[in-house]
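Reader: I've got a few questions about how residues and contacts get their labels here. Can you walk me through the reasoning?

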Amino acid sequence: MPTIASTYILPHPLRRASRLVACAAALLLAGCATQAPQDDSGRQAGDWDAQEDRVNDFDTWTLVGKAGLRTPDENTSANLDWNQHPHYFRMLISGPFGGGRNVLEGREGRFSLSNSEGRFEAETPEALMEEQLGWALPVSAMPDWVRGLPGNNDNYQMETDEFGFPSHLSQDGWEIDYRDWEQFEGMWLPRRLVMNYDEIRITLVVNEWRSTDEEGQ
């Protein structure tokens with residue numbers, strides 16, 4: 001006797017419920033597929049690549065923060081108010097390792113440092129700081145480093161984190177670690193970085209980024 005195949009058809013309410021469950025599962029899977037992983041601050045993979053040209057063009061700014069200096073002989077800090085333009089910079093250094101109030105300026109290859117003892121000049125900002133303060137920030141390269149970029153020469157190594165952001169930069173004998181980021185005008189910029197050179201360790205914490213008007217400089 002031939003076998004007759006039988007098909008069980010769900011009652012109408014059950015078919016509708018089954019379709020709703022299937023749709024919900026599809027939406028959930030689609031959401032999981034499109035939601036990119038992000039860290040606690042909101043950074044996502046691809047953010048750095050999407051903004052790198054803007055960060056390169058962001059060459060006029062003000063940074064307000066604090067720098068901590070650690071050597072085998074001391075552990076201290078100072079406040080920074082740093083105004084940067086393409087052909088001019090002014091850095092106000094105040095606090096313990098600044099020895100009071102020091103204003104470091106550079107324009108067209110000329111550098112000066114002014115404080116209560118007078119006004120001094122040198123061929124590089126690093127030499128000027130070393131002569132007058134006994135220590136020096138890597139001022140020539142820092143305008144790039146504080147934005148997460150390598151300096152102007154090609155002799156560097158850059159490592160990135162899981163989101164494609166700079167995590168470690170080696171250049172000019174310095175080792176720079178990027179520890180935290182914040183958003184400013186739609187760009188992610190470093191909020192905390194640690195710079196090491198031999199036995200010198202400088203920790204820079206950015207309290208505020210500001211846009212700066214170029215007029216008058």
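Reader: Why is Arg 119 called exposed?

Author: This is a predicted model, and in it Arg 119 has a relative accessibility of 54%. The label exposed needs over 50%, so Arg 119 gets it.

Reader: And what makes Glu 121 partly exposed?

Author: Glu 121 comes out at 46%. Partly exposed covers the range between 20% and 50%, so that's where Glu 121 lands.

Reader: How do you know that Arg 119 and Glu 121 meet in a salt bridge?

Author: Their side chains come to 2.8 Å, N to O. The cut-off is within 4 Å, so the pair counts.

Reader: Asp 144 and Arg 147 form a salt bridge too. Are these two buried or exposed, and why?

Author: Buried means under 20%. Asp 144 has 13% and Arg 147 has 6%, so both labels read buried. As for the bridge, the closest N and O atoms are 2.8 Å apart.

Reader: What makes Asp 180 and Arg 191 a salt bridge?

Author: Their closest N and O atoms sit 2.7 Å apart, and the limit is 4 Å, so the contact qualifies. This pair links distant parts of the chain: Asp 180 belongs to strand β9 and Arg 191 to strand β10, 11 residues apart.

Reader: Why are Asp 180 and Arg 191 called partly exposed?

Author: Asp 180 is at 26% and Arg 191 at 28%. Those values fall between 20% and 50%, hence the label.

Reader: Which residues do shared salt-bridge partners join into one network?

Author: Asp 39, Arg 43 and Asp 161. Across the whole structure, the search finds 8 salt bridges.

Note on methods
Residues are numbered from 1 along each chain as its sequence is written. This is a predicted model: local features need pLDDT of at least 70, side-chain atom pairs count only at pLDDT 80 or more; totals for chains, interfaces and linings use all residues. Side-chain values use heavy atoms; hydrogens and water are left out. Buried means under 20% relative accessible area, exposed over 50%, partly exposed in between (1.4 Å probe, protein chains only). Helices (H or I, at least four residues) and strands (E, at least two) are DSSP runs, numbered from the N terminus.
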